[in-house]
Amino acid sequence: MLNILDYEKASQALLEPSASDYYKSGAMDEHTLADNTDAFRRIKLLPRVLNDVSNVNISTRLATLTVDSPLIISPTAFLGMAHPDGELAVARAASASNNIMICSTMANQPIEDVTTSTQSSVWFQLYVYKDKEATLALIERAKNAGCKAIVITVDAPFLGQREQDVRNQFQLPDRLHMSNLHALGHRKLPDKTGHSGLSHYFDELINKSLTWRDIRWIKEHAGLPIYLKGILHPKDAQLAIEHGVDGIIVSNHGGRQLDTSVASIDALPAISKAVNKQIPIILDGGIRRGTDILKALALGAQCVGIGRPVIWGLSHSGQQGVEDILTILQSELKLVMALAGCASISDINAGLIADL
Ligand SMILES: Cc1cc2nc3c(=O)[nH]c(=O)nc-3n(C[C@H](O)[C@H](O)[C@H](O)COP(=O)(O)O)c2cc1C
């Protein structure tokens, strides 16, 4: 198991077909899913030489936090299908290398158990419900559990059309439920013939009339830093700043929402120009190699998030598998930084990108 793509291959055979389809799929023809990784390949590096790289340091700052590496665990739902310990195994792995974990609203394990399983910061990913009280109750619960930030996912008023999930009429296995949503009366996904249960759940319960005004409302109630996840347009990045948002995640939801939307890394330069270092930028989508992290940082991200790679490690060998994924990416980043002439994260800049 030399690289994380080895984990991808090895994990496929270990999963139930409908879980494997759920984890890997993108929306419609999966053009954005493919482009998220292809776009990194199109970007060429222009390395520097003769800068002492005998000691490469990948620790960095994200707002007021110092983190050991610029790698964050993006929120992914239903990790119990990948391993019995699900989100708890991921939280423990995050602890080992001090990575921030963003826990999904749709986790199989309760948020309180996730935060107590790790020394690392846990952020809570929030889907905003039509029911305001339910939304506030989730925020309150995350706060009481010790979450350090709320990440509002803004690219999913409806679920993208993941066709394999529709064909499979995707459902949670009987042994699993949505642990953060019991208080709302939702343990299971609804059944509807000919439909993905998750998509049907979104149709019925998730707020489709969310606007910037609601973001302010959530910020006032939360009393925690607010990140918006799913920003691709520079104008939305500017609006996020105007509405007091603390940071943004440049993301197309791993190609699972609007197919043919731009690859995350291709959206980054214009956003980074619009943000002009006023708030932190995290990028996710298609990070598979240390070079991808280097390119994202060179183009203006402070940190990157990984979604599917964590699931591959988790399905393969639980906590250890996730630790391996994080270690591999971190050591690849160290190596490629050295080869590009960067001894620290602050040495990384747009000059490392060819043809910019
Ligand atoms: C199986 C799966 C479940 C996901 N669940 C959520 C979720 O619950 N909330 C959310 O905001 N994003 C969710 N995402 C999107 C990820 O947070 C992230 O944006 C994406 O996976 C990054 O792309 P990558 O998988 O290429 O690393 C999910 C992605 C996958 C693959």
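This report covers the ligand site of a predicted model, then one residue in a strand.

**The ligand and its surroundings**

The shell around the ligand holds 24 residues. Pro75, Ser104, Thr153, Asp284 and Arg288 come nearest. By class, the shell has 8 nonpolar residues, 11 polar ones and 5 charged ones.

Three polar pairings with the ligand are set out below. Each row gives the ligand atom, its protein partner and the distance between them.

| Ligand atom | Protein partner | Distance |
|---|---|---|
| Oxygen | Serine 104, side-chain N or O atom | 2.7 Å |
| Oxygen | Glycine 307, polar backbone atom | 2.9 Å |
| Nitrogen | Glutamine 125, side-chain N or O atom | 3.2 Å |

Serine 104 thus appears twice: it is among the residues that come nearest, and its side chain has an N or O atom 2.7 Å from a ligand oxygen. For glycine 307, the partner is a polar backbone atom.

How much of the ligand does the protein bury? Taken alone, the ligand exposes 600 Å². The protein buries 99% of that area. The space that the ligand takes is the largest cavity.

Which elements give two or more residues to the shell? They are α2, spanning residues 17-24, and α13, spanning residues 308-339. Helix α13 supplies the largest share, with 3 residues.

**Threonine 66**

Where is threonine 66 found? Strand β2, residues 65-67, contains this residue. Setting aside neighbours within four places in sequence, threonine 66 is in contact with Thr60 and Arg61. With arginine 61 there is also a polar contact, side chain to side chain, at 2.7 Å.

**In brief**

The ligand takes up the largest cavity, and 99% of the area it exposes alone is buried by the protein. Serine 104, through its side chain, is one of its polar partners. In strand β2, the side chain of threonine 66 pairs with that of arginine 61.

Key:
Residues numbered from 1 in each chain as written. Predicted model: local features only at pLDDT ≥ 70, side-chain atom pairs only at ≥ 80, totals over all residues. Heavy atoms only, no water. Near = heavy atom within 4 Å. Polar contact = N/O pair within 3.5 Å; in protein donor to acceptor, adjacent residues only side chain to side chain. Areas by Shrake-Rupley, 256 points an atom, 1.4 Å probe, with all protein chains shown as cover. 1 Å grid on protein atoms, 1.4 Å probe; cavity = no way out; pocket = protein on both sides within 12 Å on 5 of 7 lines; lining within 4 Å. Sits in = over half its atoms within 2 Å of the grid points. Helix = DSSP H or I, 4+ residues; strand = E, 2+ residues; numbered from the N terminus. Nonpolar A, V, L, I, M, F, W, Y, C, P; charged D, E, K, R; others polar. Contact = heavy atoms within 4.5 Å.
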